[in-house]
Amino acid sequence: MTTATRPSRRRRGGTSEAGNTASPIRTRALTKHYGARIAVDALDLEVRRGEIFGLLGQNGAGKTTTILMLLGLTEPSGGSSRVVGLDPARHPLEVKRKVGYLPDAVGFYGNMTGRENLRYTARLNGLGGADAEAHIDAVLAQVGLTDRADGRTDTYSRGMIQRLGIADALIKDPDVLILDEPTASIDPIGVIEILELLRRLVRERGMTVLLSSHLLDQVQTVCDRVGIFAHGRLIGVGTVAELAATFGDGAAHLEATFQPDAPDPGPALRAIDGITDAALDAGTGTWRIAVRPSGGSAAAREAIVETAARHGLRLTGLHELEPSLEDIYRAAVAGMSRGFAVDETIDERADEHADEHADEGADDRIDESVDARSEETSA
Amino acid sequence: MTAEAAAEVQHPRRVEPRRRAGWIIVARKELADHLVSARFVILLLVLGAATIVPIYLATDAIRDVANRLTDTRGAFLLLFLLTQSDSPVPNVLTFVAIVAPLLGVAFAFDAINSERADGTLPRLLSQPIYRDDVINGKFAAGLAVIALVMFSVFAIISGFGMFRLGIVPSGDDIIRLVAWYAITVVWVGLWLALGLVLSVAMRRAANAALAGFGIWIAIAIFGSLVVGAIAGVLAPVASAGSLEEFLGLTGLSETIQRLLPLTLYQEASAVLLRPDVTTVTTPATIDQYEQLGQQIQGQYLAFDQSVLLIWPHVVALVAMTALCFAAAYVWFMRQEVRA
C-alpha cells in the first residue's frame, strides 16, 4: 500500500495533545436575527480536530445559517466564532482559503465539463498550471468521477453532482470540510458511497468535517459526535450513545428471536431480573425486550440465553438495538418544546413516556395518510 | 472511489504570493462563456447583417452627394449618417442607438440570478475572493464583449464603405470614429449596468429579460414620444408670442428631452460624426440667433471643438452608467447569499 509511505500532512491522532484549544470550529453565543425572527440563538458549538461532527435538525432549524456565518458569508447579529483560529466575520478570505464548503443543493455550470468547473475553482483559489491539473485528477479519482470528468455537468445525475461538489470542496486542500446536507436527494447506495468517502477523508487526510443533515439515520453511522439543533438552539451534543443516555428512556433494548414452534417465552423473559418489558412484534416475529437500567444489558443477555436453555426455548437470535438517533431527536425536541432545560437529568422525564406517545402519534398519522391514499385508489 | 486513487493525491504546494485578483479570474471565465454562447453568435450576426443594409443605401446616397461636395472633410463619416431619402431604412447612427442597447441587456440580464438558480453562487462565494469580485468581473466581461462586438460592426461598416466608395478616411475621420466608438461602448454599457441591476433584483432570469426588453422598448420607441409630450405641456413652443419667448421655450424643451439618455447619445453622436455641426442647443437669445445666421456655410469644427460641445453629454452618460452599476453593486453586496 502506498498509503503507509505517503507523508501525511496531519494525522488524526497526532494533534490530540493540542486538545480542545485547537478546535478548528468554535462559536460563542453566536446569534443571527432576520428581522424579528431568530434563526440562530446564542449558539455554543465546538468541533474538535479530526472528527466528523453532525449538525442535525429539521429544515429551518438554523443549520445553513450557522454554516454561512462560519464561512463569513453572512454577518452574525451577535456572538463570536473562530474557524481555523480566525474570526470569519473579519477575515473571510483567510477562512475561505482553508475551509472547503459543499452548499445545500450545490450546482455547477452546466455548459462546462466537470473538470472545467473544478479548474475554475482551482484558479479562484490561486492554483494553476500542472500542479493544479494533477490535483484535479486526484480529487476526481477520489470521488470516483474520473470517467465522466470530461462530460458536461448538465448531463450528470444528482448523485454525481453531489460527488463533484465534494471534489470541488477538496480542490483547495482544506483543513476543515463543511457539508450542508451532503446526502439529501441521493439514492441509498449513493449515500453509502458518500459517507464512506467522508470517513476515508478524515482517516487519510486528517480533515475535520462538519456536516448538517435532517436525515438522522444516515448520519448516525458516520458521525463521531452529533449536535441536535432545533429552533436555532443546540439542545444536545455528544456521541449517539451519550445522547441516548441523556434523551433516551433510560432503558437498553434487546431484540430476540425464537423458533416459531416454541412455547410462549414471554413469562419466562419477564421473570428475569432487570427486564422491565418484553413484547412480541407480531409483524417480524421478534421479541423486543427492555432492560433497565441500560447498564445491565450484558447481564440480561446472559440471563436470556440461560433461561431459554432451561425452558427448552430455541433461541435463534439475540442482539442489542442501537439507540436510534431518530428517537433521540424526537425525545430531545419534545423535551425542549415542553420547556425542559437541556442539562436537566432525564430521570424526571423517564416515567412520562412522552417519546413513546410521540411515536404513536407519528405512526397514527402515517397510518391515516396510508388509509386515505388507499381509499382514493379504491374510489 | 478506490483507496489507491485517494493515496495518489499529491497536494500542490501553496504558493501564497502568486495570486491573481479575483475579478480577473471571474471576468476571464465569463468572457469565455460569452464568446462561445449562442447569444453572442446570434447578436453578432444580426447586428452585422443588419448594418450592411443601411450601409448599402448610404453608399448610394453618398455617391449622389459626393459630386456636389466641394470639401471632402467628413465625407467618410456620412456612411453612418446618410440613407436614401425615400427609404424606410434608418441610417446607421439611428440603428446603433436603437438596437445596440439590446446587446447590453442580453449580456447581463441573467448574470447574478442564473448563478443563484443554478446553485453556483454559494459555491463561488465560498472561494477566497471578495464578494464584489463576482459582480465586477461580470461587468468587465460584459463590457469587453460589447467593445468587441461594436468594434466588429464598426470595422465591417468602414471596410465596406471604403470598398464601395473608394474614400479613405482621413486622420480626423478616424479620430472622430474612435471617439464615437468610445461613447457607443459607454451607451451600451449603460444598458449592461441596467441588465445587471435587473439580474440582482429579479430572481428569475426570464423576468429580468422581459423587464429589460420592456424598458428598452419604452425608451427606444415610446421614450421620445412621452418626453416630447411632457416637453410640449411644460414648454408650449407653438404658443410663443415673441421670438424671445420662442427661443426660451425651445431651450427648455430641449433640456427636458435630454433627460432621456437616448437623446444624449444621439446628440453626442451627431456632433462627433459631423464636423459641420457647430451647436447642439438652440440659441438662447436673439443675439446668438443672429450670430448663428451669420455663420458661413461649410464651416467645420476641429475635433477638440466638437468634443467640447458635447462634453456635458459624455459626462452625463458616463455618470448614468456608473450610477446604474453602483446600484447593482450595492444591492448585490447587501443581498443574502441564500435566496
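A nonpolar core is a set of buried Ala, Val, Leu, Ile, Met, Phe, Trp, Tyr and Cys residues joined through C-beta atoms within 7 Å. Keep that in mind for the exercises below, and remember that this is a predicted model.

**Exercise 1. The main core**

Find which residues of the largest nonpolar core touch the most other members, and which helix gives the most to this core.

*Solution.* Start with the membership: the largest nonpolar core holds 155 residues. The members that touch the most others are A:A167, A:I178, B:L79, B:I146, B:L192, B:L196 and B:A328. Next, look for the main contributor, which is helix 8 (residues 171–201) of chain B, with 16 residues. Then turn to the domains of chain A: domain 1 (20–238) and domain 3 (325–378) both give residues to this core, so it lies between them. Finally, a separate core of 15 residues lies apart from this one, and its members include A:A251, A:L254, A:I289 and A:A308.

**Exercise 2. An open sheet in chain A**

Work out the strand order of the six-stranded sheet, and say which strands stand at the edges.

*Solution.* The 6 strands follow the order 5-6-7-3-8-9 in an open sheet with mixed pairing. At the edges stand strand 5 and strand 9 (233–238), each with a single partner strand, so one side of each has no neighbour in the sheet. From one strand to the next, the twist averages 15 degrees.

Now zoom in on one pair. Strand 5 and strand 6 (residues 176–180) of chain A run parallel and are joined by 4 bridges. A:L102 has A:L179 in strand 6 as its bridge partner. Helix 5 (residues 158–170) of chain A lies across both strands, at about 165 degrees to strand 5.

To link this back to the core, take A:I178. Beyond its neighbours within four places in sequence, A:I178 is in contact with A:I67, A:L70, A:L71, A:V99, A:Y101 and A:L210.

**Exercise 3. Placing A:M112**

Decide whether A:M112 is buried, exposed or partly exposed, and describe its surroundings.

*Solution.* First locate the residue: A:M112 sits in the loop between strand 5 (99–102) and helix 3 (114–124) of chain A. Then apply the cut-offs: 20 or more C-beta neighbours within 10 Å means buried, and 12 or fewer means exposed. A:M112 has 18 inside 10 Å, so it counts as partly exposed. Not counting residues up to four places away in sequence, A:M112 touches A:N117, A:R152 and A:T153. As a last step, compare with A:A334, 222 residues apart along the chain: the two C-alpha atoms are separated by 47 Å.

Conventions
Residues numbered from 1 in each chain as written. Chains lettered and ligands numbered in written order. Predicted model: local features only at pLDDT ≥ 70, side-chain atom pairs only at ≥ 80, totals over all residues. Helix = DSSP H or I, 4+ residues; strand = E, 2+ residues; numbered from the N terminus. Domains from an automatic or database assignment. Contact = placed C-beta atoms within 7 Å. Pairing = 2+ DSSP bridges. Axes fitted to C-alpha atoms, helices over the stretch in contact; angles between N-to-C directions.
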